[in-house]
Amino acid sequence: QVQFVESGGGLVQPGGSLRLSCAVSGTIFRLSAMGWYRQVPGKQRELVAIISSGGMTNYADSVKGRFTISRDNAKNTVYLQMNSLKPEDTAVYYCNAAVSIGTAPFGSWGQGTQVTVSS
């Protein structure tokens, strides 16, 4: 069973930066696209960024130019570098795997990591 352990969230002021990490157990990491998703109370979970097994990336319009997704296949870890953070980025962030960019995530959701952007 695939497990995702997210970390790196916290409280940051507007304009600040955070780097999220997601450690993935199981053998599917190298073959899967990996995505970061976020959810705020009362709203649906949304895709923030996704990276294919070959390194192609795709971002939500709201984070383009500010967030960067990357992966380290040797460590089974995916990262999300978040710069120029805004209050509207406040959410619980999750990672998950997908067959490819454009397909739905197929793993069970982890605990996520809370990101709060506030002065």
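**Cysteines.** I looked up Cys22 and Cys95 to see whether they are buried or exposed. Both Cys22 and Cys95 are buried. This is a predicted model, so I read every value here as computed. Cys22 and Cys95 form a disulfide, and I get 1.7 Å between their sulfur atoms. The pair links distant parts of the chain. Cys22 sits in strand S3 and Cys95 in strand S9, 73 residues apart. I count 1 disulfide in the model.

**Core.** Next I pulled up the largest nonpolar core, which has 28 residues. Which residues have the most contacts inside it? I noted Trp36, Val78, Leu80, Met82 and Tyr93. Several strands supply at least two residues each to this core. I list S3 (18-24), S4 (33-39), S5 (46-51), S7 (67-72), S8 (77-82), S9 (91-98) and S10 (113-117). In soluble globular proteins, nonpolar side chains tend to be buried together.

I then checked Leu80, leaving aside neighbours within four places in sequence. Leu80 is in contact with Trp36 and Tyr93. Leu80 is also in contact with Leu18, Arg19, Leu20, Val48, Ala49, Phe67, Thr68 and Ile69.

**Ile51.** I found Ile51 in strand S5. Why does Ile51 count as buried? Its relative accessibility is 5%, and the cut-off for buried is under 20%, so Ile51 counts as buried. Leaving aside neighbours within four places, I see Ile51 in contact with Ala33, Met34, Met56, Thr57, Ile69, Ser70, Arg71 and Val78. I checked one of these pairs by C-alpha distance: Ile51 and Ser70 are 7.0 Å apart in space and 19 residues apart in sequence.

**Ser52.** Ser52 is in the loop between S5 and strand S6 (57-59). Ser52 has 13% relative accessibility, so I put it down as buried. Beyond its neighbours within four places in sequence, Ser52 is in contact with Ser32, Ala33, Arg71 and Ile101.

**Asn58.** I moved on to strand S6, where Asn58 is found. At 38% relative accessibility, Asn58 counts as partly exposed. With neighbours within four places left out, Asn58 is in contact with Val48, Ala49, Ile50 and Ile101. I also took the C-alpha distance to Val78: Asn58 is 14 Å from Val78 in space, and 20 residues from it in sequence.

**Positive phi.** I looked at Asn76, which is not a glycine yet has a positive phi of about 50°. Asn76 lies in the loop between S7 and S8. Its relative accessibility is 16%, so Asn76 counts as buried.

I looked at Ser84 as well. Ser84 is not a glycine, and its phi is positive, about 50°. Where is Ser84 placed? I found Ser84 in the loop between S8 and S9. Ser84 has 41% relative accessibility, so it counts as partly exposed.

**Pocket.** Last, I opened the largest pocket and noted a volume of about 170 Å³. I have 13 residues lining the largest pocket. Which of them are closest to its centre? I wrote down Arg38, Val40, Lys43, Glu46 and Glu88. How does the lining divide by residue type? I got 7 charged, 4 polar and 2 nonpolar residues.

Note on methods: Residues are numbered from 1 along each chain as its sequence is written. This is a predicted model: local features need pLDDT of at least 70, side-chain atom pairs count only at pLDDT 80 or more; totals for chains, interfaces and linings use all residues. Side-chain values use heavy atoms; hydrogens and water are left out. A nonpolar core is a set of buried Ala, Val, Leu, Ile, Met, Phe, Trp, Tyr and Cys residues joined through side-chain atoms within 4.5 Å. Buried means under 20% relative accessible area, exposed over 50%, partly exposed in between (1.4 Å probe, protein chains only). Helices (H or I, at least four residues) and strands (E, at least two) are DSSP runs, numbered from the N terminus. Contact means heavy atoms within 4.5 Å. On a 1 Å grid over the protein atoms alone, a cavity is a set of points where a 1.4 Å probe fits but cannot get out, and a pocket is an open set with protein on both sides within 12 Å along at least five of seven lines; lining residues have an atom within 4 Å of a point. Grid points are joined across faces, edges and corners, and a volume is the space filled by probe spheres set on the points. Ala, Val, Leu, Ile, Met, Phe, Trp, Tyr, Cys and Pro count as nonpolar, Asp, Glu, Lys and Arg as charged, and the others, Gly among them, as polar. A disulfide is a pair of cysteine sulfur atoms within 2.5 Å.
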